[in-house]
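Welcome! Here are a few short exercises, each followed by a worked solution. Have a look at the model first, then take the tasks one at a time.

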Amino acid sequence: MTDGKFLMEVRRLCVHRASRRVLDSVGAGIKEGELYGVIGANGSGKSTLLQTLAGLLPATSGQILYRNAPAKRTARRTLAREIAYLPQNPVCHWPLTVERLVTLGRIPHLGPWARPGNADRRAVSEAMAAVDVTCLADRPANRLSGGEQRRALLARALAGEPRLLLADEPSSGLDPYHQLQLMELLRDRVESGVSVILVLHNLALASRFCDRVLLLKEGKVLAEGDPTVEDALNPENLATAYGVSTRTLVDGHQMAVIPWDRI
Amino acid sequence: MTARRESLLLFGALTGLTGLVTLLSLGIGTVFLAPHEIVALFWADDDKLMGVALREIRLPRTLAALLVGGTLGLTGAALQGYTRNPLADSGLLGVNGGAALGAVLVLYTGAFAAIPFALPLGGLAGALVATALIVALSGRANIQTLILAGVAVSSLAAALTSLVLNFAPNPYAALEIVHWLLGSVANRSWDDVGLVLPFMAAGAVLLLLSGPGLRALTLGEDTAASLGFSMRKLRWLIIAGAALAVGPATALAGAIGFVGLVVPHLLRPLVGHDPARLLPASALGGAVLLTAADIVIRLLPADRDLKLGVITALIGAPFFLFLILKVRKEWT
């Protein structure tokens with residue numbers, strides 16, 4: 001249980017890449033059990049934020065807190081067990097079977113030379129069932145369609161039973177059916193207690209499925225809040241962030257923001 | 001469960017094969033020795049010619065073949081895992097080029113006649129200089145830069161080796177250098193083996209320790225780091241391990257190619273494409289392959305001494321072509 005307000009929080013975070021300031025004094029936080037969307041134009045620093053949260057990039061200044069303690073001072077192994085990272089273009093370099101690939105997600109829970117035990121096998125089969133790749137268990141990972149491969153690699157990230165999942169545009173390259181399937185699946189994971197930070201380009205998906213969103217522009221926070229036209233996704237913010245005007249589709253209680261015209 | 005049985009079967013088979021080629025390698029020569037004769041002669045406490053031949057000639061030769069083959073197989077598997085490229089091999093970092101240059105310089109200056117162990121020492125020194133160069137060139141950058149640095153150092157070492165050959169004082173010296181470069185484990189003494197063994201053992205330990213990191217690296221550098229592995233530590237394990245293992249191996253046996261390429265590739269499907277279990281499997285496989293090749297050389301009815309490196313290249317090069325065709329088919 002987290003005592004404070006946030007599961008993971010950044011304060012005045014600055015990150016430089018190749019001596020260019022990519023994140024500029026970013027402050028934001030994800031609460032436990034949230035599906036948290038990070039949105040913004042290309043080059044606004046979304047992926048950099050996610051990589052910094054995953055501990056892959058050093059912060060120039062500012063603080064990253066995980067469960068109210070500086071992430072820097074938390075043991076690497078603890079972070080690896082509790083935080084799973086799914087990169088923008090996840091890869092599997094060898095033709096492992098899907099089951100072996102998903103089992104790689106158990107690495108932080110195993111000793112360096114230990115074989116997976118019963119608990120590991122259970123977590124692996126649950127993760128495969130959750131993303132519907134159980135039937136692919138014995139297929140080599142390089143013989144899958146794009147959507148199947150993405151789902152298998154997502155299962156890999158879930159197999160570690162993370163408390164927090166960092167996913168960088170997991171829906172990119174998927175057709176509408178599989179995009180919706182993926183978002184429903186992440187929603188489902190969130191209901192079962194996982195917190196998810198998601199980098200997204202699709203405003204319609206962000207507005208429909210996220211609990212809160214962070215809108216970045218040129219490395220700075222433009223808005224953080226509910227993914228509604230009244231709050232973070234108001235037309236003015238979106239015009240500033242993307243240079244587009246938007247329309248809103250309402251269906252009962254749900255609404256989706258759709259980019260309409262360039263400004 | 002089945003994975004465990006598969007694994008036991010594979011490692012059992014490889015260990016059995018290693019034992020078999022060891023016995024054959026000890027038994028084959030001008031006089032054939034059956035296993036029980038080998039055991040008897042091994043413990044015989046006398047100066048009979050056959051006992052001396054076994055203990056002082058065949059045993060170091062067999063040990064050298066096992067050690068060099070194992071080292072090359074292991075290093076090849078580690079470098080393929082690290083670069084995630086099935087065409088990488090133990091020569092990738094240019095360490096063996098450096099070792100060869102060091103040994104060739106010793107032959108050229110004639111220092112081996114004056115100083116004991118000058119040849120393996122020269123090889124070790126060359127390997128160390130090459131490693132230092134690679135580290136300095138590639139800095140802390142990514143794997144691609146490391147490969148480029150390796151290619152650069154390899155080319156430099158090859159160029160300098162040619163230069164030394166070019167300046168060889170007489171045809172005999174040149175011939176001696178060329179013969180050494182072809183690669184062989186014949187006429188190695190206990191001193192030769194003993195000198196390089198500690199380095200190779202240390203290198204092998206480092207490379208074996210890289211196994212879990214290489215397994216995680218299957219998912220790419222970022223994901224491996226997020227699984228709790230330090231990519232910097234892994235890089236050091238690989239560079240130091242490869243240098244410590246391949247440098248002495250080259251110093252002991254000359255330039256022997258293709259073992260590090262072929263062996264991991266043959267064994268990879270048998271370990272479920274797991275880069276970590278591939279390491280010990282390739283070490284055993286390399287030992288078996290090189291010792292078997294050394295046996296073949298001795299059985300061939302040639303009036304001239306056929307070099308081990310020539311045989312491995314003759315087997316390896318066509319295999320390499322086959323590999324290219326296979327990879328091409330997989331990617332199109």
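**Exercise 1: Strands side by side**

In this predicted model, A:Arg11 stands opposite A:Gln63 in β4(A). Starting from this pair, find out how many bridges join strand β1 of chain A to β4(A), and in which direction the two strands run.

Solution. Begin with strand β1, residues 8–17 of chain A. Next, count its links to β4(A): there are 5 bridges. Finally, check the direction: β1 and β4(A) run antiparallel.

**Exercise 2: The whole sheet**

Work out in what order the strands of this sheet lie, and which ones form its edges.

Solution. Step one is the order: 4 strands make an open sheet, arranged β2-β1-β4-β5 in chain A, with antiparallel pairing. Step two is the edges: β2 (20–30) and β5 (69–70) of chain A each pair on one side only.

**Exercise 3: A hairpin**

Follow strand β4 into β5(A) and describe how they are connected.

Solution. First, strand β4 covers residues 61–66 of chain A, and 2 bridges join it to β5(A), antiparallel once more. Then pick out a bridge: A:Tyr66 has A:Ala69 as its partner in β5(A). Last comes the turn: β4(A) and β5(A) form a hairpin with 2 residues between them, and A:Arg67 in that turn has a positive phi of about 50 degrees.

**Exercise 4: Where two chains meet**

Describe the interface of chain A and chain B: how many residues are in contact, and how much area is buried?

Solution. Start with the residues: 24 of chain A are in contact with 33 of chain B. Then take the area: the two chains bury about 2500 Å² between them, 62% of it on carbon and sulfur atoms. On the chain A side, the elements that give two or more residues are α2 (76–82), β6 (83–86), α3 (98–103) and α5 (146–159). Sorted by kind, the chain A residues that touch chain B divide into 17 nonpolar, 3 polar and 4 charged. To finish, look at specific pairings: 6 residue pairs are in polar contact, both at pLDDT 80 or more, while the rule finds 0 salt bridges across the interface.

**Exercise 5: Confidence**

Which strand of chain A has the lowest confidence, and which part has the highest?

Solution. Take the overall figure first: chain A averages a pLDDT of 91, and 98% of the residues score at least 70. Within chain A, confidence is lowest in strand β12 (residues 254–262), at a mean of 89, and highest in strand β8 (residues 195–199), at 96.

Conventions: Residues numbered from 1 in each chain as written. Chains lettered and ligands numbered in written order. Predicted model: local features only at pLDDT ≥ 70, side-chain atom pairs only at ≥ 80, totals over all residues. Heavy atoms only, no water. Contact = heavy atoms within 4.5 Å. Buried area = accessible area lost by both parts, 1.4 Å probe. Salt bridge = Lys/Arg side-chain N within 4 Å of Asp/Glu carboxyl O. Polar contact = N/O pair within 3.5 Å; in protein donor to acceptor, adjacent residues only side chain to side chain. Nonpolar A, V, L, I, M, F, W, Y, C, P; charged D, E, K, R; others polar. pLDDT = per-residue confidence, 0-100. Pairing = 2+ DSSP bridges.
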